[in-house]
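Biologist: I should like a close look at one part of this model. Which residues are linked in a network of salt bridges?

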Amino acid sequence: MLDTLALSPDIDALMNDIGRKAKAAARPLSFASTEAKNRALNAMADTILANKAEILAENSKDLKDIEGTETLASFVDRLTLNDKRVAEMAEGLRAIAALADPVGEVIAAWDRPNGLQIERVRTPLGVIGVIFESRPNVTADAGALCLKAGNSVILRCGSDSRRSSQAIHACLVEGLKAAGLPEHAIQLVPVTDRAAVGAMLRGLDGAIDVIVPRGGKSLVARVQNEARVPVFAHLEGLCHIYVDGSADIEMAKKIVVNAKMRRTGICGAAETLLVDGAAIGTHLTPLLEVLTEAGCEVRASPTVLKVSPGLKPATEEDWSTEYLDAIISVAVVDGISGAIAHIQTYSSNHTEAVIAEDPDVVARFFTEVDSAILLHNASTQFADGGEFGMGAEIGIATGKMHARGPVGVEQLTSFKYRVHGAGQTRP
């Protein structure tokens, strides 16, 4: 279907129709029972597992399309599905079903001197547009999270993952039908024309309440520049690890290699390593050795080059580059103050980690570094909604309005006030 519709002559009409259907589905979904939503999510998981062979077959076609192109290994990794990843997708759906339903939760309640009783209560956002590239699993994650939070969602995948995403989306629709929920609650844009993205950014005639982009820097920048509706976004994951002189070196080696090399193409992968100048003689060389042994290219500051002159010199551009590859920039800094100064200069405010045993160092790092996620003695690759117990996440928001960090079910809600009176009038 995606191939035949890819040349649709009237994108705006198609997209506005999708918007109307999403808006119509959003109202009954906003007060759908927790039981119905969970039944749909579990049915989706069952259907994905039952259709694993078809999903993998469609994914193999997507992968074949990029054969022979100059595609980064990290991009191929994000696009690739296998038995394990399909199973994880289904597990993620069940994990979201197991979460508490945020809709209707009383966030706060208080009484006024005049007897009014006031409650702040979570409500769905409405219609969410999700624009993403290369990761077909986002189809399931985003669809499920929006559903659990009582929102309808319009998904626009990249052309690279269109077959995989369509196969997964079909399973989600079957789950909605099984639970008696509106099948247009989760829609996948059936065209690859970029004009569809533009239509979503314009809001589909008022249908879309918020846009969530998940992809490369150029996509997210376009969304932030052109969107006429609110956006939950981050431009890039320029993540840092600071290894303090008080750090346990064996722990530091393990964490640094995992943070960089576990999956180099995810936004939580470490891109810069900062080492305390007081620990040059004890920590720097062992860290450089484990990184190079793991197959990571090191781009070194002048001070690092004095210790290990065979490394590639880092340029100014390296400190602000999200490699998404087996490359890391390494610098020596003047303790925690130097680390904080470097992070403030170059960070994208996504995720930073400190490896230290000195509680004062940790306290300063947590207090003074202003990124969405801060970790102590743990890998930056834990910057993930699933690892936070959120079931999954649509993305990591690095802004400061409404949502910050992993965007899960709670972040996909707003709130309203309920005020109970007993005949009060205002004097």
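Modeller: Glu297, Arg299, Lys312 and Asp318 are linked in such a network, a salt bridge being a side-chain nitrogen of Lys or Arg within 4 Å of a carboxyl oxygen of Asp or Glu. The model is predicted, so local features need pLDDT of at least 70 and side-chain atom pairs count only at pLDDT 80 or more, while totals for chains, interfaces and linings use all residues. Residues are numbered from 1 along each chain as its sequence is written, and side-chain values use heavy atoms, with hydrogens and water left out.

Glu297 also has a place in the strand pairing, where it stands opposite Ile327 in β11. Strand β9 (residues 297-300) and strand β11 (residues 327-333) run parallel and are joined by four bridges. Strands (E, at least two residues) and helices (H or I, at least four) are DSSP runs numbered from the N terminus, and two strands pair if DSSP finds at least two bridges between them. Strands of a sheet pair through backbone hydrogen bonds, either parallel or antiparallel.

The sheet in question is open and parallel, with seven strands in the order β10-β9-β11-β8-β7-β12-β13. At its edges are β10 (312-313) and β13 (373-376), each of which pairs on one side only. Two helices lie across strands of this sheet. Helix α12 (residues 280-293) crosses β7 (239-243), β8 (270-276), β9 and β11, and runs at about 155° to β8. Helix α14 (residues 335-346) crosses β7, β8, β11 and β12 (351-355), at about 175° to β7. For these angles, axes are lines fitted to C-alpha atoms, for helices over the stretch in contact (heavy atoms within 4.5 Å), and the values run from 0 to 180 degrees between N-to-C directions.

Strand β8 also takes part in a salt bridge. Glu271 is joined to Lys260, with the closest N and O atoms 2.8 Å apart. This pair links distant parts of the chain, because Glu271 is in strand β8 and Lys260 in helix α11, 11 residues apart. Are these two residues buried or exposed? Glu271 is buried at 0% relative accessible area, and Lys260 is buried at 0% as well; buried means under 20%, exposed over 50%, and partly exposed in between, with a 1.4 Å probe and protein chains only.

Helix α11 (residues 249-261) also holds Ala259, which is buried at 0% relative accessibility. Leaving aside residues up to four places away in sequence, Ala259 touches Ile241, Gly268, Ala269, Ala270, Ser379, Thr380 and Gln381.

By the rule given above, the count comes to 25 salt bridges, and two further ones make an instructive contrast. Lys37 bonds to Asp101, the closest N and O atoms being 2.9 Å apart. Lys37 lies in helix α3 (residues 34-50) and Asp101 in the loop between α6 (83-98) and β1, so this pair ties together parts that are 64 residues apart in sequence. Lys37 is buried at 1%, and Asp101 is buried at 17%. Arg20 and Asp17, in turn, form a salt bridge with closest N and O atoms 3.8 Å apart. They are three residues apart in helix α2 (residues 11-30), which means that about one helical turn separates them. Arg20 is exposed at 52% relative accessible area, whereas Asp17 is partly exposed at 28%.
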